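Hi everyone, thanks for coming. I'd like to walk you through one structure today, so please have a look at the picture and the sequence while I talk.

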Amino acid sequence: MPESSPETHVIDFRAAEQLLATRDPRGAIQLLDSVITAHPENTAARLLRARAFFLAAQLRPAELEFQIVLEREPDNAFAHFALGRTLERGGRSEEALRHFRLAAALEPRPEYIEAARFAHDTGAGDGERDPGPPNRDPE
């Protein structure tokens, strides 16, 4: 196995982003595991891995990753929204609604407001859709 360095971790992170964009969440998870092992404090890597777990239908690991991010950044609107989508997909709508409302309160983006049911009640929504990428770079 090649030696890991900060540069290889950045390369692995970027490659994982590309794998996720091409709908290969399992490949992204494999790359991100080594990045997070080396840099457990890296929030961007944890968010990306949480999204990959979500897309791979590994809801419990996704939930745990989003919770770790929220422990560190309780005002992270994207993490609240994505955790809400994860909980919703797992049939935990009431818990999800709490996170959707926190996301909408922190950052009133249309998709957050709609999920929070502030604008109007749209029903269950699309729990299968990727919550989307956060606009953050690896640290």
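Okay, so the protein chain has seven helices and zero strands. If you read along the sequence, the pattern is just α-α-α-α-α-α-α. One thing to keep in mind is that this is a predicted model. In the protein chain there are 139 residues, and 44% of them are buried. Now take the contacts with a separation of 6 or more: 53% of those come from residues 24 or more positions apart.

Let's get to how the helices pack. Two packed helices are described by the angle between their axes and the distance between the axes. Start with helix H3, residues 43-55, and helix H4, residues 59-72: their axes come within 8 Å and cross at roughly 155 degrees. Are these two roughly parallel or antiparallel? Angles over 145 degrees count as roughly antiparallel, and H3 and H4 are therefore roughly antiparallel to each other. As for handedness, H3 passes H4 in a left-handed crossing.

Who actually touches whom there? On the H3 side, the contact uses Thr-43, Arg-46, Leu-47, Arg-49, Ala-50, Arg-51, Phe-53 and Phe-54. On the H4 side, you have Leu-59, Pro-61, Ala-62, Glu-65, Phe-66, Ile-68, Val-69 and Arg-72. Sort the residues of that contact by class and you get 10 nonpolar, one polar and five charged.

Now slide along to the next pair. The axes of H4 and H5 come within 9 Å, and they cross at roughly 155 degrees. That makes H4 roughly antiparallel to H5. Here, too, the crossing is a left-handed one, with H4 passing H5. From H4, the residues involved are Leu-59, Ala-62, Glu-63, Phe-66, Gln-67, Val-69 and Leu-70. Facing them in H5 are Phe-78, Ala-79, His-80, Ala-82, Leu-83, Thr-86, Leu-87 and Arg-89. By class, this contact of H4 with H5 has 10 nonpolar, three polar and two charged residues.

Before leaving H4, let me point at one residue. Ile-68 lies in helix H4, and its relative accessibility of 26% makes it partly exposed. Ile-68 and Glu-41 are 27 residues apart along the chain, yet their C-alpha atoms are separated by 9.6 Å.

Next topic: charges. Side chains of opposite charge can pair when their charged atoms come close. How many salt bridges does the count come to? The count comes to 10 salt bridges, and I'll show you some of them.

One of them joins the side chains of Glu-17 and Arg-14, at 2.9 Å from N to O. Glu-17 and Arg-14 are three residues apart in helix H1, residues 6-21, so about one helical turn separates them. Glu-17 has a relative accessible area of 25%, which means partly exposed, and Arg-14, at 32%, counts as partly exposed as well.

Then look at Arg-85 and Glu-88, whose side chains meet in a salt bridge of 2.9 Å, N to O. Being three residues apart in helix H5, residues 77-89, Arg-85 and Glu-88 are separated by about one helical turn. Are they buried or exposed? Both Arg-85 and Glu-88 are buried.

Another salt bridge links Glu-111 and Arg-109, at 2.7 Å from N to O. Glu-111 is partly exposed at 28% relative accessible area, and Arg-109 is partly exposed at 31%.

There is also a network of salt bridges, which links Asp-33, Arg-46, Arg-49 and Glu-65. You've heard some of those names already: Arg-46 and Arg-49 of H3 and Glu-65 of H4 take part in the contact between those helices.

Last stop, the loops. Which residue in the loop between H1 and helix H2 (25-38) should you find? Go to Arg-23, which sits in that loop. Arg-23 has a positive phi of about 65 degrees, although it is not a glycine. At 58% relative accessibility, Arg-23 counts as exposed.

Ala-57 also has a positive phi, about 60 degrees, and is not a glycine either. You'll find Ala-57 in the loop between H3 and H4. Its relative accessibility is 47%, so Ala-57 counts as partly exposed.

That's my tour, thanks for listening!

Conventions: Residues numbered from 1 in each chain as written. Predicted model: local features only at pLDDT ≥ 70, side-chain atom pairs only at ≥ 80, totals over all residues. Heavy atoms only, no water. Axes fitted to C-alpha atoms, helices over the stretch in contact; angles between N-to-C directions. Helix = DSSP H or I, 4+ residues; strand = E, 2+ residues; numbered from the N terminus. Parallel < 35°, antiparallel > 145°, perpendicular 65-115°, else oblique. Left-handed = near helix turned anticlockwise from the far one by under 90°. Contact = heavy atoms within 4.5 Å. Nonpolar A, V, L, I, M, F, W, Y, C, P; charged D, E, K, R; others polar. Salt bridge = Lys/Arg side-chain N within 4 Å of Asp/Glu carboxyl O. Buried < 20%, exposed > 50% of the residue type's maximum accessible area, 1.4 Å probe, protein only.
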